[in-house]
Amino acid sequence: MDRLDNTIRPYAWGSPTAIPQLLGVEPTGEPQAEMWMGAHPGAPSRTARGTLVDVIDADPERELGKAAVAKFGPRLPFLLKILAAGAPLSLQVHPDLEQAKEGYADEERRNIPVDAPHRNYKDANHKPELICALTEFDGLCGFRDPVRAADLLDALGVASLKPYVDLLHARPADAALREVLTAILTADPAEMAETVAEASAACARLGGEYAPYADLAQHYPGDPGVIAAMLLNHVRLQPGEALFLGAGIPHAYLNGLGVEIMANSDNVLRCGLTPKHVDVPELLRVVRFEAGDPGVLRPEASPAGEEVYETPIDEFRLSRYVLPEGAAARDLTADTPQILLCTAGSVRAGEHELSPGRSVFVPAGETAEISGVGTVFRATVIV
């Protein structure tokens, strides 16, 4: 197996302290948002054999296994991250596989450069993802019941929100949510900025369940995403709990530290809370206007001590092992590629000693045994 040297991305919303604290190093003073583990060309992990991209390209079947290559092609299908949100991320959705292929082909035909700021589709893949909390973690996920959203908006006492309240009460759920989100995102910017200012002042005054939206408005004053966020479920994960974000589900991470895994894609359509490109028509084509419970996931334990976060996705499978004092070594050998990440304690993986934040890549079929006292997350695929 290969010890990984991973890149930390300094996005502006990142916490300056959470990842350094996990790694046991001094903060730099700059935001540290995401640590990437995998073979994404934007920031591939480095090994003693070269970048993980180079290692896999040299012999895909040896590194990934024949079954994984046959099913997903000659690349690692997932990207594993440690995510540290010190400020809210953009309110966003991801396309399904068919939408991604169509969108990518269309933008290729129109000769839009892949790095153009107004490009929606960087690749032809979908981007389902799973976030597992390491600390208390706040996020927004999926639409609330429209009547509940209407009540939340109505209690602010902002006259310009009254048409949205009426729409949410008067129409079937999917139509109501579509019409209101469309109205919010296409409203006159100056008028919406005034609405957001009034609403954020009311949120700050009311506190409680309104506090997250007051905080959003502080980071993004006048942004229509502040109002759009109130249509969504607010979720507070406890350590070990997770959220699965499938295609078309609007979501945003607000604050906290977590382990994130996703299909190896960079396709994001943004609703708001961002200075980046927002394509309202394309967004509305992709969003699923379905209200419901966000579905907090808790791991399901197996007799072998593996705690699995079940999702409907084959490109990734995330589980964890919590190793107590005196626990026997665990054999994790598999016919699929794996990344093992320590998040607590001191764990031995093969010949490598792993402290929190350290990780290894295990080629398909290679012996993988872990021991020690601590927590290890295991990322692999389903073939």
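This is a short tour of the structure, from the whole chain down to single residues.

**Whole chain**

Start with everything shown as a cartoon. The model is predicted. Its secondary structure comes to 12 helices and 21 strands. The radius of gyration is 22 Å, close to the 21 Å that the globule rule gives for 383 residues, so the chain is as compact as a globular protein of that length. Turn the C-alpha trace along its principal axes: the spans are about 65 × 50 × 40 Å.

Now colour by burial. Of the 383 residues, 55% are buried. Switch to the surface: the accessible area is about 15800 Å², and carbon and sulfur atoms hold 51% of that. Among contacts with a separation of 6 or more, 74% join residues 24 or more positions apart.

**Largest pocket**

Select Y11, D266, V268, R270 and K276. Of the 50 residues lining the largest pocket, these are the closest to its centre. The space here is about 1100 Å³.

Next, colour by element. β3 (34-38), α2 (52-58), β6 (78-85) and β12 each give two or more residues to this lining. Which element gives the most? β12 does, with 5 residues. Recolour by residue type, and the lining divides into 26 nonpolar, 9 polar and 15 charged residues.

**Second largest pocket**

Move to G142, I249, E290, D293 and P294. They lie nearest the centre of the second largest pocket, which is lined by 13 residues. The volume is about 160 Å³. Here β9 gives the most to the lining, with 3 residues. By type, the lining holds 6 nonpolar, 4 polar and 3 charged residues.

**Helix α10**

Select residues 211-219, which form α10. Show side chains for P212, Y213, A214, L216 and A217; these are buried. What do the buried residues of α10 pack against? Their partners are three helices, α6 (146-154), α9 (189-206) and α11 (225-229), along with the strands β9 (137-143), β10 (232-237) and β12 (251-263).

**L89**

Finish at L89, in the loop between β6 and β7 (91-93). Is this residue buried or exposed? L89 is buried, because its relative accessible area of 9% falls under the 20% cut-off. Leaving out residues up to four places away in sequence, L89 touches W13, L83, A252, Y253 and L273. Then add G272 to the selection. L89 and G272 are 183 residues apart along the chain, yet their C-alpha atoms are separated by 9.5 Å.

Notes:
Residues are numbered from 1 along each chain as its sequence is written. This is a predicted model: local features need pLDDT of at least 70, side-chain atom pairs count only at pLDDT 80 or more; totals for chains, interfaces and linings use all residues. Side-chain values use heavy atoms; hydrogens and water are left out. Buried means under 20% relative accessible area, exposed over 50%, partly exposed in between (1.4 Å probe, protein chains only). Helices (H or I, at least four residues) and strands (E, at least two) are DSSP runs, numbered from the N terminus. Contact means heavy atoms within 4.5 Å. On a 1 Å grid over the protein atoms alone, a cavity is a set of points where a 1.4 Å probe fits but cannot get out, and a pocket is an open set with protein on both sides within 12 Å along at least five of seven lines; lining residues have an atom within 4 Å of a point. Grid points are joined across faces, edges and corners, and a volume is the space filled by probe spheres set on the points. Ala, Val, Leu, Ile, Met, Phe, Trp, Tyr, Cys and Pro count as nonpolar, Asp, Glu, Lys and Arg as charged, and the others, Gly among them, as polar. The radius of gyration is taken over C-alpha atoms; the globule rule is 2.2 Å times the number of residues to the power 0.38. Accessible areas come from the Shrake-Rupley method with a 1.4 Å probe; for residues, only the protein chains shown count as cover.
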